[in-house]
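Biologist: I should like a close look at one part of this assembly, with the criteria behind each term stated as you go.

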Amino acid sequence: MTGRGRFRFVGKRLLQAIPLTLVLLLLVFAMLKVVPGDPALQVAGPRASAATLEAIRVHLGLDQPVWLQFVHYLGRVVTGDLGTTATGSTKVSTLIASGTPVTLVLLAVSTVFTVLIAGATALLAARRPDGLADRLINVVAAFGVGVPTFWLGIVLLAGVALPTGAFPIGGWGDTPATVLRAAVLPALALSVSVAPVLMASLRSGIVEARRSEYHAAAQAAGVRGWTLTRRFVLRNAAVPPVSLLAALTTLLLSGAVVVESTFGLPGLGLSLTQAAQNRDFNVIQGLTLVFSLAVVAVNLVGDVLVALLDPRVEV
Amino acid sequence: MTTLLRISDLVLETGSAEAPLRPVSHVGFEVSHGEAFGLVGESGSGKSLTLRAVTGLLPEGVRQAGGTLELERDGVLRPYRFAEARGRGIGMIFQEPMTALNPTMRVGDLVTAGPRARYGWSRGTARSRALDLLAEVGMPDPKAQARMWPHQLSGGLRQRVMIAMALATEPSVLLCDEPTTALDVAVQDQILRLLHRIRVERGLAIVFVTHDLGVVRRLCDRVAVMYAGQVVETGRVDDVFTRPTHPYSAGLLRSMPTPDTPRDRPLAAIPGGQPGAGERPEGCRFAPRCAHALPACAGLEHALAPVLGSPSRSACLRVADLGGPPLDRKALIV
């Protein structure tokens, strides 16, 4: 693809993301319309009078037709107004703003871990397909996928954080150093279930590239050493894992909800868990929207990266 | 002419070490400087494996179990290490230009990947040499095509890129593994002309693996005919094509259509099929299909030997009593 072709590709992908985002907004909006439970009742409590409930419904705009509610919802979302928490004490947007950095750091660190673990083990496994290392890694990987993230989190807390004292027993930090230290164990717990999937994809990509005709042709032409590995193996093997990584980030995101609760990290995941317990609709709606948009964005980035890596990709 | 490449007694094995199969057994040939040598045979005769063994690029599961590979250096034939010979002494062209070019590299980078890794060419040197090479193999617009990706080129252009890639390190012998099989006839012709021109211009030796006798006839000086993992006959193309000294070569030649072949009759064919690596008969492997076979043929493995009254070498036991009239030379020119 030429430079202009790539530019067009990115533009096209961005345009495709717009209707997708609208559908997402509709779904997030509809989600709360179909779940059982009365938000007004939630706000006012079980002993509130019918008049109070009605007043609250009017206040919340729940008496209007659904399509109008959606239009109002769209308008509010565009201006960044996602309502307040059920208690009315905090804006949902403020909650999201304070939780986002925590979750982003957690995801970033665990993505780095995932790539490092998957890369190292894939290279080791692919050295000799079906060799001892390959089979051993395969078994460990199967365990990794199967281990529940919350359980692994507890094990890391009890088995590493508690005895060594090197990591905080839950909670977040306030300086870059303490933040990173607080992120290590939860990020590791997250990576363990995701890394094996990436490893398997990378490993088979490497093996396939080494068996390919272009690899043999490059060798016949005198290409060897690191150039051979980098340009005729890794570069080709990286394409499927990169698009997979985008999909796996979605998995990491849902894992973050669990891990943040286990480790008590003040991120978006913890807010979501608490909001679900309190039936705090505005918060759930706002967070679901943020999570969905994040998934759309990550897939967009993944597609663009794949297009950069593999020139044959066209839309 | 001095010998450039000598393969002797090459044995290739697959399967377990206890009960190996031998897709190639005791194959040998020599190629002189500047010579075009053809290796012909049906699919499964071991010709492509033999060629791959010369560069040490055997497919997974196939191993060299015997034989010596020697390349001329400073006037002396010496055994070579693959890592040393690849690119520098021996270049190779593959059958499928679609799969043999790395899809994630631009044509210009691909062509000079070898010398960049071998001789540490700078980016600038590589760029200008890539343009020279692409022009040499007849790319219509080297500057534009150097920036393209392999998938944007036609099959014929891709094969030209493959050739440029193999020439980049200036080999003295070019191994061609059915380089025109995947191309349509018009493009085949262009590529054959190109290979012939490059060979003459560079004084390059070429080993041409093919099942196409017409290609051998047109391009090669000498030829070895392979059957079921062995060389059954070798000699000058003129001799082998007019006076084959092995019933298998004779059968192959008779089954090749010429412009004079009558269209209302079926082509001549050798009855039966080539035995696979696991089902080879004792003695002469062609004997069960051979019209001239004697009981002695089945017991005795006959090595390539000089033939009385012919410059060719043949593995046929009965070669002395089979000397019939020569085939019509004119009919065989395609």
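How many residues of chain B are in contact with chain A, and how many residues of chain A do they meet? Please describe that side of chain B, and then the fold and the domains of chain B.

Modeller: This is a predicted model, in which local features need pLDDT of at least 70 and side-chain atom pairs count only at pLDDT 80 or more, while totals for chains, interfaces and linings use all residues. Residues are numbered from 1 along each chain as its sequence is written, and chains are lettered from A and ligands numbered from 1 in the order in which they are written.

At the interface, 30 residues of chain B are in contact with 23 residues of chain A, where contact requires the C-beta atoms of two residues, placed from the backbone, to lie within 7 Å. On the side of chain B that touches chain A, at least two residues each are supplied by β6 (90-93), α4 (113-119) and α7 (155-167) of chain B. These elements are DSSP runs numbered from the N terminus, with helices being H or I of at least four residues and strands E of at least two. The largest share of this side, five residues, belongs to α4(B). Sorted by class, the side of chain B that touches chain A comprises 16 nonpolar, nine polar and five charged residues; Ala, Val, Leu, Ile, Met, Phe, Trp, Tyr, Cys and Pro count as nonpolar, Asp, Glu, Lys and Arg as charged, and the others, Gly among them, as polar.

β6(B), one of the interface elements, also belongs to an open sheet of eight strands in chain B, ordered β6-β7-β8-β3-β9-β10-β12-β11, with mixed pairing. Strands count as paired if DSSP finds at least two bridges between them. The edges are held by β6 and β11 (305-307) of chain B, each with a single partner strand, so one side of each is left without a neighbour in the sheet. From one strand to the next, the twist averages 20 degrees. At the β11 edge, β11(B) pairs with strand β12 (residues 310-314) of chain B in the antiparallel sense over three bridges. One bridge joins B:V307 to B:S310 in β12(B). Another of the interface elements, α7(B), packs on the sheet, where α7(B) touches β6 and β7 (173-177) of chain B, and the direction of α7(B) makes about 170 degrees with that of β6(B). Such angles run from 0 to 180 degrees between N-to-C directions, and axes are lines fitted to C-alpha atoms, for helices over the stretch in contact.

As for domains, chain B is divided into domain 1 (3-220) and domain 2 (225-332), with bounds that come from an automatic or database domain assignment. The C-alpha centres of domain 1 of chain B and domain 2 of chain B lie 28 Å apart. Their contact takes 21 residues from domain 1 of chain B and 18 residues from domain 2 of chain B. On the side of domain 1 of chain B that touches domain 2 of chain B, the elements giving two or more residues are β2 (21-32), β3 (36-40) and α9 (213-219) of chain B. Among these, β2(B) provides the largest share, eight residues. By class, that side of domain 1 of chain B has ten nonpolar, seven polar and four charged residues. β3(B) thus appears in two settings: as a strand of the open sheet and as a contributor to the side of domain 1 of chain B that touches domain 2 of chain B.
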